[in-house]
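Subject: Structure handover

Hello,

Please find below the structure we talked about handing over. My notes on it follow.

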Amino acid sequence: MSEDNIPDPAVCLHGDLVLKIIEARSLPNMDLLSDRLRRCFTPFDPFSKRKKNHRTRKIVTSDPYVTVCLAGATVARTRVISNSQDPIWNERFKIPLAHPANQFEFYIKDNDVFGADLIGVATVQAADVLAGEMIRGWFPIISSHGKPPKTECALHLEMKFTKCEEMPVFKNGNAVNPNGFGIGNCYFPARHGGSVTLYQDAHVMESMLPEIELENGTVFKHEPCWEEICHAILEAHHLVYITGWSVFHEVKLVREPTRPLPHGGDLSLGDLLKYKSEEGVRVLVLVWDDKTSHSKFFINTAGVMQTHDEETRKFFRHTAVTCVLSPRYASRGLDLCDGRYDTPKHRLFRDLDTVYKDDFHNPTYSAGIRCPREPWHDLHCKVEGPAAYDVLTNFEQRWRKATKWAELGRRLKRGSKSEESLLKLDRISWILSPSQTIIQDDPSLWVCSVGDSENWNVQVFRSIDSGSVKGFPKDIYQADAENLVCAKNLVIDRSIQTAYIQAIRAAQHFIYIENQYFIGSSYAWPSYKAGADNLIPMELALKITSKIRAKERFAVYVVIPMWPEGVPTSTSVQEILFWQGQTFKTMYAIIGNELKSMGMEDSHPQDYLNFYCLGRREELPSDYSWSRSCLLSPTGDAISPSLRFQRFMIYVHAKGMIVDDEYVILGSANINQRSMAGSRDTEIAIGACQPHYTWKERKRHPRGQVYGYRMSLWAEHMHTVTDVFKEAGSLECVKTVNDIAEENWKRYSSNEFKHLQGHLLKYPISVTRSGFHSFRKSTHTDTEEGETRLGPLKFFEQNMVQITRGILVLIGYFTLLHFQQDPANVNNNTEESTDLGAVLRNGREILLQGFNWESHKYDWWRNLEKKVPDIAKSGFTSVWLPPATNSFSPEGYLPQNLYSLNSAYGSEQLLKALLQKLKQYKVRAMADIVINHRIGTTQGHGGMYNRYDGIPLAWNEHAVTSCTGGLGNKSTGDNFNGVPNIDHSQHFVRKDIIGWLKWLRNVGFQDFRFDFARGYSAKYVKEYIEEAKPIFSVGECWDSCNYNGYGLDYNQDSHRQRIINWIDATGQLSTAFDFTTKGILQEAVKGQFWRLRDPQGKPPGVVGWWPSRAVTFIDNHDTGSTQAHWPFPSNHIMEGYAYILTHPGIPTVFYDHFYDWGDSIHEQIAKLVNIRKRQDIHSRSSLRILESQNNLYSAMIGDKVCMKIGDGSWCPTGREWTLATSGHRYAVWQKQ
């Protein structure tokens, strides 16, 4: 071989290529022969008529297009230009690359009815492209004969490559991403103001999973997916759209309910949908059409895939439910069918006659063989907010395509309805939806404000083409503007693969993947190129090698099924196992070579990359009356080895990826070519993050919902939660997970029954330091299960079509309803009480907390004095002021000199001017009484600052509890750690405090708020109130509500009882803040309004048992403000106020909401206060709860006021009721 024919060495192209295919020139006429044949036969055409004045005959010539290949993989393809030997494409491509190659190959082909003919190939050296310089010019086209087909035959190109190492996002993550966490070059942009609920498995029951602690003391909530789908369908008012690979009408959604089911909740899915359609709800079902199933002309076949498509369509025939079978590849959507219901327990043998009755699924074994059920593990999510409309757009585009001809036929039929099946939301005036006046990401569509820490950014991705949707542009330039790709005659959206690639490239610490398949980057396989060219495996391997070169830690965890669903010995399953093995081998070889080149012989590829599967061992229940030596069951059925050895794999049907505990991708796309190509199976996914819980925002490891989700999945898989798991990228974490998985594999594969620690098993492969070696031979003997088939695998010598079963994950489950606001302007007045007894008996108090955590920075006393007229006009009877005395901290909660009124909020003179102004306007001033602890001036016992020399109330160490470094008695309450706690059991202390409280009364304070009232006995509060005689008192008794493994308990009786016990111990002289109601209400507004009625039909907080002593509130300086220890959902604030300002109890309004959240919120709250006063609602008003469903709560207060909150539709009946005020998700009516 001559040196001229030696190919250039391969280089690794890892980055983005911007390619423009401009034009070609002097192409040959590849259609010359076919044109001559056509002309020869034209004279014999009996129907042809010659015209004397005919037009010039159109020249028939080549229909060229270009296919771009790199390392044998097709990376781009142009559209077809008809009849042109000098075609002009001007098509631009942005192509992510992760390819080892020596040259780019541009195949110019002629499109023909019978296939494509190769015109020639133009090449560009990969090394030239790798340099990163702009390459532009004409490149000669060489035919298969080694010469240009015509003189000057050439292709005009422009190319520019950017390496990943030059991309800031690759090196520094999304902290430097100009799009935030949005993925660029996608059809749908990232949407703000959203909400995402993350689910694992179809159902999760109480206490099934441990608590996962997040930031700010919150915990990850485990929600029951299928149960919430059922409730969502039942609560739908306008539409229910479902799309799925399989939707079986007989499936039961709720089998182990966690809360009371509304009417209809016990129906099967099909009956449930018919029930809703009969209520007038538009119900559309789009299911994949399995062409092998038939139900015509007395021929009934179940079909190869057994999706029940024909059964489901037949069931909904002649009903108001419209069910359409989509013939275009596999349709993705809700997989609501048999075999999918499971919980984190993943039962094999138990509850088969109850929970899994008529729903036994195990395709590994044929009928007549006794075996365990196949456990099913999946990931799901719910999307709310602007991104839900993108999901809706996807459904509408696909529905219009699938029903194109059917709709036309229906319109042509005489007497048929002409309206479209799809509901037009923009025609429903009370639903906010994207329109000409409301953009897709308009704040009015948000369900969570951008400033809320629980806000989500959500982006919808797809793998789909113009053959499956109606609405893609036909113009290539418009398609490019919408980030779509043109290929021959298709327009393609492959944003799912784009999202995976960009998320992997931005990863900095670890990646966790669960997927049904893991096949890709076949252009780099050591043997057998399968055409699985998606970049994901190669991107993962190259990300790891980049971290190895940088000497940084990084870890990738991949969980896949033990084998693809089906019979393990079948050709299709063996083929997929082989392809997965090739993928593993390629990745481990790349990592092993990098470790070797870096001289890291002590490291192992599995320090960075690991594969796992899931399995379950379960003891047989007592009703199995046979021994392991039996070959037949008592019924005569054959006994499977899986049943004898009491084990089976848990089928991993999930399709998700978590990156650095800050970004999650969930959807229906497998990691294989069918799902990632965009031109084959139709897929949908979302990418989501909480901007408040990112490495950029927190400057450390974020602990938001994404972190909680990953930890919850690990808790399910490994039955433990340890601190090591918190840092998933660390080597210690990798080794811990591998140890658990390795031990579980040994126990699982043993013929002797042994319980597993969870379900995670090490995938049975052998990996050496240099890379992948082989599949590990199994040690157990139940070969019918197929585990031993992971040893010897078939090597196929010819191309075979990839057979993958892509099933769907829940994405299209979303909430759309947002009621428009039509508030009315009202005014109100204030009333004043004169003594404690009168105030509590009267019960017409409305409080305003007059500060937040940052108020000390803003000349506060002067600021409040200016607002006194508005406060009085708005109807408040008392203003809670911040601690007014000298404090070690500017906020006032570390008091020192109690008799000094010069504080960070202002001088004594300014305070007294404020108090005088409040008195003038008949608004009482409430003092914040901080007497649980006090900062000393000098060191005393133990070297602590527990003496108060040189200031009034010059106590010594005996005034400080022994629990906090003093010489006093033990505390009579909870400790406030880190500072000296006051010993209220000392007589001299109480005497001094009483004198100080009386002095505050003389200064001008009329009401008291006792801070941290749990820190000392309530009997001392009783004494202080009796002696100082405030007009009104309230105590802060804040402790944690009752939580379980899934979130807030429904029953909070013990929590509210603790508050009531404190009130009772004060001699019933004080009220208390109703933290129970706050905790329940802020969960209820998220779509759980059933929480707002206790089993006795009363409100579930203190207000339900002792309303005259319950001070209700939404947020305060601790729970909200800049501390945000326990904030109320910001997008539901007005629902909260609509509740507390119309209900019994004593409501409190927070300064931030009333004055800092804009005029609209201010006016809405003022209207509610006015209604309360005008309709004489007081703390003891009667209350009748009318509705408490997921999305609706309504009640009648007294006999003159009705209210509702939530997006459910409701109003009182009767002409006497008029709308008093309304807003986002709330309304209040009053009688004339």
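Which residue lies over the face of W138? The answer is R25, placed 4.1 Å from the ring centre. Please keep in mind throughout that this is a predicted model. A second contact of this kind involves K867, whose charged end sits over the ring of Y1155 at 5.3 Å from the centre.

Aromatic pairs

There are 39 aromatic pairs in the structure. One of them joins Y365 and F648, with 6.4 Å between the ring centres and an angle of 50° between the planes. Planes under 30 degrees apart would count as stacked and planes over 60 as edge-to-face, so this pair is classed as tilted. The two residues come from distant parts of the chain, 283 residues apart. Y365 belongs to the loop between β14 (322-326) and β15 (369-370), while F648 is in strand β25 (residues 647-649). Both rings belong to buried residues: Y365 has a relative accessible area of 9%, and F648 has a relative accessibility of 0%.

Another pair, W1038 with F1075, is stacked. Its ring centres are 5.2 Å apart and its planes differ by 10°. W1038 is in the loop between β38 (1032-1035) and β39 (1043-1044), and F1075 is in helix α24 (residues 1075-1084). The positions are 37 residues apart in sequence, so the pair ties these parts together. Is W1038 buried or partly exposed? At 23% relative accessibility W1038 is partly exposed, because buried would need a value under 20%. Its partner F1075, at 1%, is buried.

W1038 and F1075 are also members of a cluster linked by ring pairs. The other residues in that cluster are F851, W880, F1073, F1113 and W1126.

Cysteines

How many disulfides does the structure hold? The count is zero. Take C1202 as an example: the nearest cysteine sulfur belongs to C1211 and is 9.7 Å away. A disulfide needs two cysteine sulfur atoms within 2.5 Å, so C1202 is in no disulfide. C1202 is buried, with 1% relative accessible area. C613 is buried too, at 0% relative accessibility.

Sheet and barrel

An open sheet is made of four strands in the order β3-β2-β5-β6, with antiparallel pairing. Its edges are β3 (73-77) and β6 (115-125), each of which pairs on one side only. On average, neighbouring strands in this sheet are turned by 30° against each other, with direction ignored. Within the sheet, strand β5 (residues 103-112) is joined to β6 by ten antiparallel bridges. To find one of these contacts, start at Q103: its bridge partner in β6 is Q125.

Elsewhere, eight strands form a closed barrel with parallel pairing. The order is β34-β35-β36-β37-β38-β41-β42-β43. From one strand to the next the twist averages 30°. Strand β36 (residues 924-929) and strand β37 (residues 1007-1010) pair over four bridges, in the parallel sense. A927 has F1008 in β37 as its bridge partner.

Two covered elements

Strand β10 (residues 239-244) is mostly covered, with six of its six residues buried. In a regular strand, side chains alternate between the two faces of the sheet. In β10, L239, Y241 and T243 point one way, and V240, I242 and G244 point the other way. The residues on both sides are buried. β10 runs parallel to strand β11 (residues 282-288), and six bridges join the two. Among the residues involved is G244, whose bridge partner in β11 is V287.

Helix α10 (residues 495-506) is the other covered element, with eleven of its twelve residues buried. The buried residues include S495, I496, Y500, I501 and R505. From its first C-alpha to its last, α10 reaches 16 Å, close to the 16 Å expected at 1.5 Å a residue.

Regards

Technical notes
Residues numbered from 1 in each chain as written. Predicted model: local features only at pLDDT ≥ 70, side-chain atom pairs only at ≥ 80, totals over all residues. Heavy atoms only, no water. Phe/Tyr/Trp six-rings, centres within 6.5 Å; stacked < 30°, edge-to-face > 60°. Buried < 20%, exposed > 50% of the residue type's maximum accessible area, 1.4 Å probe, protein only. Lys NZ or Arg CZ within 6 Å of the ring centre and 35° of its normal. Pairing = 2+ DSSP bridges. Axes fitted to C-alpha atoms, helices over the stretch in contact; angles between N-to-C directions. Expected span 1.5 Å × (residues − 1).
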